Amino acid sequence: MKPQLLKASPNPIHSFNARQDNVPYINNRWHYHSEVELIHFKKGNGTQFIGDSIKRFRSGDVILIGAHLPHYWRFDDVYFDEKENTSADVRVIHFNENFWGDVFLNLPENKLIKTTLEKARRGIQIGGQIKNNIGELLEQLLQAEGSRKIMLLMEALTSIGNCTKTRLLSSIGFKHNFEDSENDRIHAIYEFSLANFKRKIQTQEVADIAHVSVNYFCRYFKSRTRKTYSQFINEIRIGHACKLLIENKINVKQICYESGFYNFASFHKYFKSITGKSPLSYQREFFNDRKETIISPA
């Protein structure tokens, strides 16, 4: 799959970039860059694609993405609807692994940071109370000046390294392909899939989007993503089901059909296969975690 190469804007005043985004469409496509990315979604919900990983992101999430790892943040449609009073609030840090010099990461005291950046090549999802602490550090970093900015970044990376509730996102075998001829194909497939996952999608439809034959599309998609298109679309559907479970507005059977499944047994099977939990267990765990976060001391 060909992601788009993006380059962070050079800044002669600072050694790395830190910004706040309040719109959902900044770099809103399948892309990669030579910089490491540390992102905090203070406000925002959607679907994230990182390497060959597909899952929901939601307000409060913190993710560290290594250099050259393709990714795509697709905010929910409500963020693009001018009639809705819904806005995003995201903090993004981009930095080169060696911006502090070739020797720095090899210092014994920085072993934890170096190991954390190595793990980030697969993408790291940060959980627990630590993600709230990192969000606060990034808030300070946006306002900081001088060496304080570097110190705050080091503190955030050290916190990630010490966190016991992290998850590596992309599989260890994921490899990306940067052929120019495939520049926009993956983005078109993702956009089509996100717009149509609630209904039954014929393989011919998505093959037409990719401008290839059905047989070629099946081989192509499996060779690039290490999964079939059927597995891919079911992951999107389960991600949407997770969103509905968290919103807790409709019952599980309604969620099954609203997520594009027509058989409750299949929905339950795929949900447990992808998340490792039953739908109700997932919902209970989310609300228990949120309760613990709220009552945890600052």
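Let me begin with a word I will lean on throughout: a residue is called buried when its relative accessible area is under 20%, exposed when that area is over 50%, and partly exposed in between. With that in hand, we can take N110, which sits in the loop between β9 and α1, and which counts as buried because its relative accessibility is 6%. If we set aside the neighbours within four places in sequence, the residues that N110 contacts are F104, L105 and M154.

Before going further, I should say that what you are looking at is a predicted model, and that its confidence varies along the chain. The mean pLDDT of the protein is 87, with 90% of the residues reaching 70 or more. Among the elements, strand β7, residues 62-65, has the highest mean pLDDT, at 97, whereas strand β1, residues 4-5, has the lowest, at 51. Over residues 294-298 the pLDDT falls below 50, and in the model this stretch makes one contact beyond its near neighbours in sequence.

Now to the strands, and in particular to β5, residues 46-50, and β6, which run antiparallel and are joined by five bridges. Within this pairing, I50 has S53 in β6 as its bridge partner. The two strands form a hairpin with two residues between them, and there G51 takes a positive phi near 60°. How much of strand β6 is covered? Of its five residues, 53 to 57 in the numbering, four are buried, so the strand can be described as mostly covered, given that buried means under 20% relative accessible area.

Strand β5 also brings us to the aromatic residues, since F49 belongs to it. The whole structure holds 28 aromatic pairs, and one of them is F49 with Y190, a stacked pair with 4.2 Å from centre to centre and 15° between the planes. This pair links distant parts of the chain, because F49 lies in strand β5 while Y190 lies in helix α4, 141 residues apart. Both partners are buried, F49 with a relative accessibility of 0% and Y190 with a relative accessible area of 4%.

A second pair, Y229 with F232, is tilted, with its centres 5.7 Å apart and 35° between the planes. Why are Y229 and F232 separated by about one helical turn? The reason is that they are three residues apart in helix α7, which covers residues 229-247. Y229 is buried at a relative accessible area of 12%, and F232 is buried as well, at 2%. Both pairs belong to a cluster, in which ring pairs link W30, F49, Y72, Y190, F217, F221, Y229 and F232.

Helix α4 returns when we turn to the charged residues, for which the count comes to 14 salt bridges. One of these joins E191 to R74, with the closest N and O atoms 3.1 Å apart, and it too connects distant parts of the chain, as E191 is in helix α4, residues 185-196, and R74 is in strand β8, residues 71-75, with their positions 117 residues apart. E191 is partly exposed, with a relative accessible area of 29%, whereas R74 counts as buried at 14%.

Another salt bridge joins E139 to R91, where the closest N and O atoms are 2.6 Å apart. Here E139 comes from helix α2, residues 130-143, and R91 from strand β9, residues 89-95, the two being 48 residues apart. E139 counts as partly exposed at 30% relative accessibility, while R91, at 2%, counts as buried. Through shared partners, salt bridges join K42, D89, R91 and E139 into one network.

A further example is the salt bridge between the side chains of R19 and D21, at 2.9 Å from N to O. At 28% relative accessibility R19 counts as partly exposed, and D21, at 10%, counts as buried.

Finally, there are places where a charge meets a ring. The charged end of K253 sits over the ring of F264, at 5.8 Å from its centre, and K269 lies over the face of Y270, at 5.6 Å from the ring centre.

Notes
Residues are numbered from 1 along each chain as its sequence is written. This is a predicted model: local features need pLDDT of at least 70, side-chain atom pairs count only at pLDDT 80 or more; totals for chains, interfaces and linings use all residues. Side-chain values use heavy atoms; hydrogens and water are left out. A salt bridge is a side-chain nitrogen of Lys or Arg within 4 Å of a carboxyl oxygen of Asp or Glu. Buried means under 20% relative accessible area, exposed over 50%, partly exposed in between (1.4 Å probe, protein chains only). Two strands pair if DSSP finds at least two bridges between them. pLDDT is the predictor's confidence in each residue, from 0 to 100. Contact means heavy atoms within 4.5 Å. Rings of Phe, Tyr and Trp (its six-membered ring) pair if their centres lie within 6.5 Å; planes under 30 degrees apart count as stacked, over 60 as edge-to-face and the rest as tilted. A charge sits over a ring if NZ of Lys or CZ of Arg is within 6 Å of the ring centre and within 35 degrees of the ring normal.
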